[in-house]
Amino acid sequence: MWKTKNYLAMRTDFQDEATAKLITSDLNDLAVAADNLTQHVIIMLGVSGSGISVLQFIASISAIYLLILDRTNWKTNIFTSLLIPYIFFSLPSLIFTIFRGEIGRWIALIAVVLRLFVPKHFPDWLELPAALILLLVVAPDLFANTFRSNAVGVVVCLIIACYLMQEHIRASGGFRDSFTKANGISNTVGIILLLVYPIWTLVLYITT
């Protein structure tokens, strides 16, 4: 009887040990897969031009999102005009080229005509978008080509994002409130997304 119990106990211990080894092996495989996925994402975003373009697109959409929030009850007291130069420096090259060309000139012309001759029909919410189009059209090549394609434009985006973040935290009443209040978290998410593109791109500049 004692031998039978001892045998059963040894068998149970063996099964538990085998199960633990299987779980450990599966966890190791998951860790390796996660590490490979992370490396592939880093390579995609860091090496390929399309990766940087994706980050630029996300940053630009986030800035536009914050501009829209500024016209709703979800806004906070931040200097949203700084989002215009941010979009200027972070806009993907394809979109930037389109609006810097003939299409942008026509839009800028219509905006100026409306603003000068029929200001009553020119709503306030159009002022910042119109300013962005004008900036895209008239900006010198030093800004439009040189600074946009090197670290200067990235640093400008990082400074703007950091400034907006600290202004938003102060306007929300503190760091905790910026993540807990309804109007705070909506802006916080947008500003955090503003930080991703310049931080990641500067890391690439430093490490490559």
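**Exercise 1. Find what share of the 208 residues of the chain counts as buried, and describe its secondary structure.**

Solution. Taking buried to mean under 20% relative accessible area, exposed over 50% and partly exposed in between, with a 1.4 Å probe and protein chains only, 31% of the 208 residues of the chain count as buried. The model is predicted, so local features need pLDDT of at least 70 and side-chain atom pairs count only at pLDDT 80 or more, while totals for chains, interfaces and linings use all residues. Residues are numbered from 1 along each chain as its sequence is written, and side-chain values use heavy atoms, with hydrogens and water left out. Next, with helices (H or I, at least four residues) and strands (E, at least two) taken as DSSP runs numbered from the N terminus, the chain comes to 10 helices and zero strands.

**Exercise 2. Identify the residues with the most contacts inside the largest nonpolar core, and the helix that supplies its largest share.**

Solution. A nonpolar core is a set of buried Ala, Val, Leu, Ile, Met, Phe, Trp, Tyr and Cys residues joined through side-chain atoms within 4.5 Å. The largest such core has 36 residues, and L83, Y86, F88, L136, L164, L194 and Y197 are those with the most contacts inside it. At least two residues of this core come from each of α2 (49-69), α3 (83-90), α6 (127-138), α8 (151-172) and α10 (182-207). The largest share, eight residues, is supplied by α8. Finally, where contact means heavy atoms within 4.5 Å, Y86 has among its partners, leaving aside neighbours within four places in sequence, A59, A63, C157, L194 and Y197.

**Exercise 3. Locate T80, decide whether T80 is buried or exposed, and list what T80 touches.**

Solution. T80 has its place in the loop between α2 and α3. With a relative accessible area of 7%, T80 is buried. Not counting residues up to four places away in sequence, T80 touches L67, D70 and L128.

**Exercise 4. Compare the burial of C157 and C162, and count the disulfides.**

Solution. C157 is buried, with a relative accessible area of 0%, whereas C162 is partly exposed, with a relative accessible area of 39%. A disulfide is a covalent bond between the sulfur atoms of two cysteines. Here a disulfide is counted as a pair of cysteine sulfur atoms within 2.5 Å, and by this rule the count comes to zero disulfides.
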